[in-house]
Amino acid sequence: MSKNLVVSFPGGKGTEIPLLYFASKFYEDKGYEKKFINHPSEGNELSMLFENAKKVLCDIDLSQYEDIIFIGKSLGTVVACKLKEELNINASLVLFTPLADTLPYMYKDNKIILIAITKEGKWYLQDEEELNRIKADPSAKFIIKQKADEFTRLLIRMFTVGAIIDCPQ
């Protein structure tokens with residue numbers, strides 16, 4: 001069994017999202033055990049997604065892992081960050097298109113590897129002051145793209161060739 005774990009938290013569309021696939025595959029190729037948090041069969045409310053993910057994580061002995069990475073997409077960024085804090089999990093974060101509810105968890109010492117945002121769509125974080133605060137963190141890589149399709153292509157290419165993310169050793 002691997003001593004490292006990568007956990008993917010989908011947004012509203014489930015685990016078939018290419019970003020989650022390629023990001024988790026990147027870490028799997030580096031020797032990480034991969035776990036996807038699937039949505040409950042009914043409902044897409046934050047509280048339901050959170051409770052489902054919490055149940056899945058509580059069934060895993062996280063103490064056996066040396067390194068844990070949470071990858072969240074959209075609503076999944078809120079779930080991943082909230083679980084990390086509530087369960088006191090020492091996980092690093094990769095956040096794709098985080099929502100405004102993710103902002104309280106986006107601070108310097110929260111082990112953020114990557115924050116990737118597209119300016120297209122209704123969920124774009126528009127608070128420029130908050131974005132500037134987050135971008136000031138030298139430990140996190142930050143990407144903002146105007147168009148969602150170029151955003152997705154860039155991130156998939158980065159994870160496919162490993163161009164931006166360095167795995168912790």
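**Why the labels fit**

Colleague: Why is Thr 97 called buried?

Modeller: This is a predicted model, and every value here is computed from it. Thr 97 has a relative accessible area of 15%. Buried means under 20%. The value of 15% falls under that cut-off, so Thr 97 counts as buried.

Colleague: Where is the place of Thr 97?

Modeller: Thr 97 sits in the loop between S4 and S5. Its phi is positive, about 45 degrees, although Thr 97 is not a glycine. Most residues other than glycine have a negative phi.

Colleague: What makes Leu 99 count as buried?

Modeller: Leu 99 has a relative accessibility of 9%. The cut-off is under 20%, so Leu 99 is buried. Leu 99 also belongs to the loop between S4 and S5. From C-alpha to C-alpha, Leu 99 and Thr 77 are 7.3 Å apart in space, yet 22 residues apart in sequence.

Colleague: Why does Asn 88 count as exposed?

Modeller: Asn 88 reaches 68% relative accessibility. Exposed means over 50%, so Asn 88 passes the cut-off. Asn 88 follows H3 and lies in the loop between H3 and S4. Asn 88 has a phi near 55 degrees, a positive value in a residue other than glycine.

Colleague: How do you know that the span of H3 agrees with its 12 residues?

Modeller: At 1.5 Å a residue, the 12 residues of H3 should span 16 Å. The end C-alpha atoms of H3 are 17 Å apart, which agrees.

Colleague: Which residues in H3 are buried?

Modeller: They are Gly 76, Thr 77, Val 78, Val 79, Ala 80, Cys 81, Leu 83 and Lys 84. The buried residues of H3 pack against S1, H2, S3 and S4.

Colleague: How many helices and strands are in the chain?

Modeller: The chain has 5 helices and 6 strands. Along the sequence, the pattern reads β-α-β-α-β-α-β-β-α-β-α. The chain has 169 residues, and 47% of them count as buried. About 8800 Å² is exposed, with carbon and sulfur atoms supplying 48% of it. Among contacts with a separation of 6 or more, 64% join residues 24 or more positions apart.

Colleague: Which residues touch the most other members in the largest nonpolar core?

Modeller: Phe 9, Leu 57, Ile 68 and Phe 70 do, in a core of 29 residues. Strands S1, S3, S4 and S5 each give two or more residues to this core, as do helices H2, H3 and H4. Another core, of 16 residues, lies apart from it. Its members include Tyr 27, Tyr 32, Val 94 and Leu 155.

Colleague: Which residues is Leu 57 in contact with, leaving aside its neighbours within four places in sequence?

Modeller: Leu 57 is in contact with Val 7, Phe 9, Leu 62, Phe 70, Leu 83, Leu 87 and Ile 89.

Colleague: Why is Asn 4 called buried?

Modeller: Its relative accessible area is 18%. That is under 20%, so Asn 4 is buried. Asn 4 belongs to strand S1. Its side chain reaches the backbone nitrogen of Asp 67 at 3.2 Å. The cut-off for a polar contact is within 3.5 Å, so the distance of 3.2 Å fits. Beyond neighbours within four places in sequence, Asn 4 is in contact with Gly 31, Tyr 32, Glu 33, Tyr 65, Glu 66 and Asp 67.

Colleague: How many aromatic pairs does the structure hold?

Modeller: There are 4. One of them joins Phe 26 and Tyr 27, with ring centres 5.1 Å apart and planes at 85 degrees.

Colleague: What makes the pair of Phe 26 and Tyr 27 edge-to-face?

Modeller: Ring centres must lie within 6.5 Å to pair, and 5.1 Å meets that. Planes over 60 degrees apart count as edge-to-face, so 85 degrees earns the label.

Colleague: Why is the pair of Tyr 27 and Tyr 32 edge-to-face?

Modeller: The ring centres of Tyr 27 and Tyr 32 are 5.3 Å apart, within 6.5 Å. Their planes stand at 65 degrees, over 60, so this pair is edge-to-face. Phe 26, Tyr 27 and Tyr 32 form one aromatic cluster.

Colleague: How do you know that Tyr 27 counts as buried?

Modeller: Tyr 27 has 0% relative accessibility, under the 20% cut-off, so Tyr 27 is buried. Phe 26, at 6%, also counts as buried. Tyr 32, at 4%, is buried too.

Technical notes. Residues numbered from 1 in each chain as written. Predicted model: local features only at pLDDT ≥ 70, side-chain atom pairs only at ≥ 80, totals over all residues. Heavy atoms only, no water. Core = buried A, V, L, I, M, F, W, Y, C linked by side-chain atoms within 4.5 Å. Buried < 20%, exposed > 50% of the residue type's maximum accessible area, 1.4 Å probe, protein only. Helix = DSSP H or I, 4+ residues; strand = E, 2+ residues; numbered from the N terminus. Contact = heavy atoms within 4.5 Å. Areas by Shrake-Rupley, 256 points an atom, 1.4 Å probe, with all protein chains shown as cover. Expected span 1.5 Å × (residues − 1). Polar contact = N/O pair within 3.5 Å; in protein donor to acceptor, adjacent residues only side chain to side chain. Phe/Tyr/Trp six-rings, centres within 6.5 Å; stacked < 30°, edge-to-face > 60°.
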